[in-house]
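Please find below my note on the model you sent. The points are numbered so that each can be taken up separately.

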Amino acid sequence: MKSATPKVLQPLLGRTLLGHVLSVASAIHTDRTVVVVGHKADQVGAFLAEAAPDATPVLQAEQNGTGHAVRIALDAVPELTGTVVVLSGDVPLLRPETVEALLSTHERAGAAATVLGAEVTDPTGLGRLVRDAGGNLERIVEQKDANAEQLALREINSGIYAFDAVLLREALGKLSTDNAQGEEYLTDVFSILAGLGHPVAVEIAEFAYETLGCNDRAELSRLRVLMRDRVNQAWMRSGVLLLDPATTWIDVTATLSPDAVVDQNSQILGTSSVATGAVIGPDTTLVDTVVSEGATVLRTHSIGAEIGPSATVGPFSYLRPGTKLARKSKVGGFVETKNAQLGEGAKVPHLSYVGDATIGASANIGAGTIFANYDGVKKSRTTVGEAAFVGSDTVLIAPVEIGPGAYVAAGSAIAKDVPAGDLGVTRAPQRNVEGWTQRRRPGTVSAKAAAEASNITPEQD
């Protein structure tokens, strides 16, 4: 990946690659989950401690092949019996249904080992499934060890397996490193078990793309597009309207309700949820944001906000964590909010910063208003009461309270409370200096316009 982040921790639509694989393991109700870690094991171990604390990490200090990896995993759980499923940490598109099908084939065949295969048009770089004349699996051959006839095969090994635990332990003890890469191949277990007379089986994946892994950023990008399309199709089939699925990105951790609408160039990320009748976008990003029924969010970036029923946001708004908008409230164009609560029907329509504030129901905040919440040392809160009116170009200097039904005159800087029903004004009296332009800006277009309006002869330079 050429990255400080190990491959299995690369992000993909709301989870890491490893996170997607762990989700599959959880969905098939495994009794134990063992994760073999190697490259940048400290980072992977820290991720597991937070995301999957029940999983057991096992260190593979030297990467001596897949067989070696599985052997040290089994050594960590010597009591393990029954069926062992082996998943690859860089195959995030695998579905639980596919693993269930693999297990069903494995049990139905009474197999010692079963491989999940796929039929692809270009098998370059992948291990091939070699069958005998009767169509039974004979062995799995890696690309570097395959002959010309085997290279022409299109059935490939996905790296996903089911094994009988006892027989797997025995076979792993018979592995050698006599191959092109000098490693212990887990795939050799199949020929070993077959040679001992144990049945081995194959389950072909319904969708070959599920078996894709990635080894660089370009391949990761391909997986991202495939997962985007799968996620979007599932939401559309559940009743969500995506106006341009090709430019809509929805994390697997997000939720949407039927009749929600998502317009083009929008992202719904993290734990965001979008309720019935809500309209998102175009050009909107939601991160860990709750959007309630009938709300509209247009050209907005929102992080950790709660947008109430029939509320409207945007365009070009920025909702930061702690923002809570009640029913039918409004945050308009070029407005930033942070730790701010708007009551029902409250409005901040234009060009304002609202930080650390409580705004009561039906209150109106005029254009260009600043909630000055930070004095350089601490942040303080401003309260605007129900049905209060704050005029344009006002600064509310926290901590301060504007009472219910109070007014603040446009252009004021308010540092003291305004009681309910009062008018707060801090503007200085206006003074006009007569003839200033003619005296101080002679010869300018302004002086000429002023002279023409006053019907006097303008002074020359």
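1. A salt bridge is taken here as a side-chain nitrogen of Lys or Arg within 4 Å of a carboxyl oxygen of Asp or Glu. The model is a predicted one, and a search of the whole structure returns 14 such salt bridges. Side chains of opposite charge can pair when their charged atoms come close.

2. One of these pairs is R95 with E206, with 3.8 Å from N to O. R95 sits in the loop between β5 (83-86) and α4 (96-108), while E206 sits in the loop between β10 (200-204) and α8 (217-237), so the salt bridge ties together parts that are 111 residues apart in sequence. Is each partner buried or exposed? R95 is buried, at 19% relative accessible area, just as the cut-off of under 20% requires. E206, by contrast, is exposed, with a relative accessibility of 62%.

3. R131 and E155 make another salt bridge, and their closest N and O atoms are 2.8 Å apart. Distant parts of the chain are linked by this pair: R131 belongs to strand β7 (residues 128-131) and E155 to strand β9 (residues 155-164), 24 residues apart. R131 is partly exposed, its relative accessible area being 32%.

4. A salt bridge also joins D283 to R299, where the closest N and O atoms are 2.9 Å apart. D283 is in the loop between β17 (279-280) and β18 (285-287), and R299 is in the loop between β20 (296-297) and β21 (300-303), so parts that are 16 residues apart in sequence are tied together. Both residues are partly exposed, D283 with a relative accessible area of 31% and R299 with 32%.

5. Shared partners also deserve mention: salt bridges of this kind join R95, E97, E206 and E210 into one network.

6. Which residues of helix α7 (residues 188-195) are buried? They are V189, F190, I192 and L193. Viewed down the axis of α7, these buried residues fall within an arc of 165°, so they line one face of the helix. An α-helix has 3.6 residues a turn, so residues three or four places apart point the same way. The cover over the buried residues of α7 includes β6 (113-119), β8 (137-141), β9, α6 (165-172) and β10. After α7 comes G197, which has a positive phi, near 90°.

7. On the division of the chain, domain 1 spans 7-211 and domain 2 spans 241-424. Their C-alpha centres lie 49 Å apart. The contact takes 4 residues from domain 1 and 5 residues from domain 2.

8. I359 lies in strand β29 (residues 353-359) and is buried, with a relative accessible area of 2%. Leaving aside neighbours within four places in sequence, the contacts of I359 are Q341, L342, G343, A346, V348, V354, I365, F371 and V384. The C-alpha atoms of I359 and T382 are separated by 8.3 Å, although these two residues are 23 residues apart along the chain.

9. At the surface, F389, Y407, L423 and V425 make a nonpolar patch of about 390 Å². V425 is located in the loop between β38 (423-424) and α9 (436-440). With a relative accessible area of 44%, V425 is partly exposed, and residues enter such a patch on the condition of over 30% relative accessible area and no salt bridge.

Notes. Residues are numbered from 1 along each chain as its sequence is written. This is a predicted model: local features need pLDDT of at least 70, side-chain atom pairs count only at pLDDT 80 or more; totals for chains, interfaces and linings use all residues. Side-chain values use heavy atoms; hydrogens and water are left out. Helices (H or I, at least four residues) and strands (E, at least two) are DSSP runs, numbered from the N terminus. Buried means under 20% relative accessible area, exposed over 50%, partly exposed in between (1.4 Å probe, protein chains only). Patches are made of residues with over 30% relative accessible area and no salt bridge: like charges are joined within 9 Å, nonpolar side chains (Val, Leu, Ile, Met, Phe, Trp, Tyr) within 5 Å. Accessible areas come from the Shrake-Rupley method with a 1.4 Å probe; for residues, only the protein chains shown count as cover. The arc is that of the directions from the helix axis to the C-beta atoms. Contact means heavy atoms within 4.5 Å. Domain bounds come from an automatic or database domain assignment.
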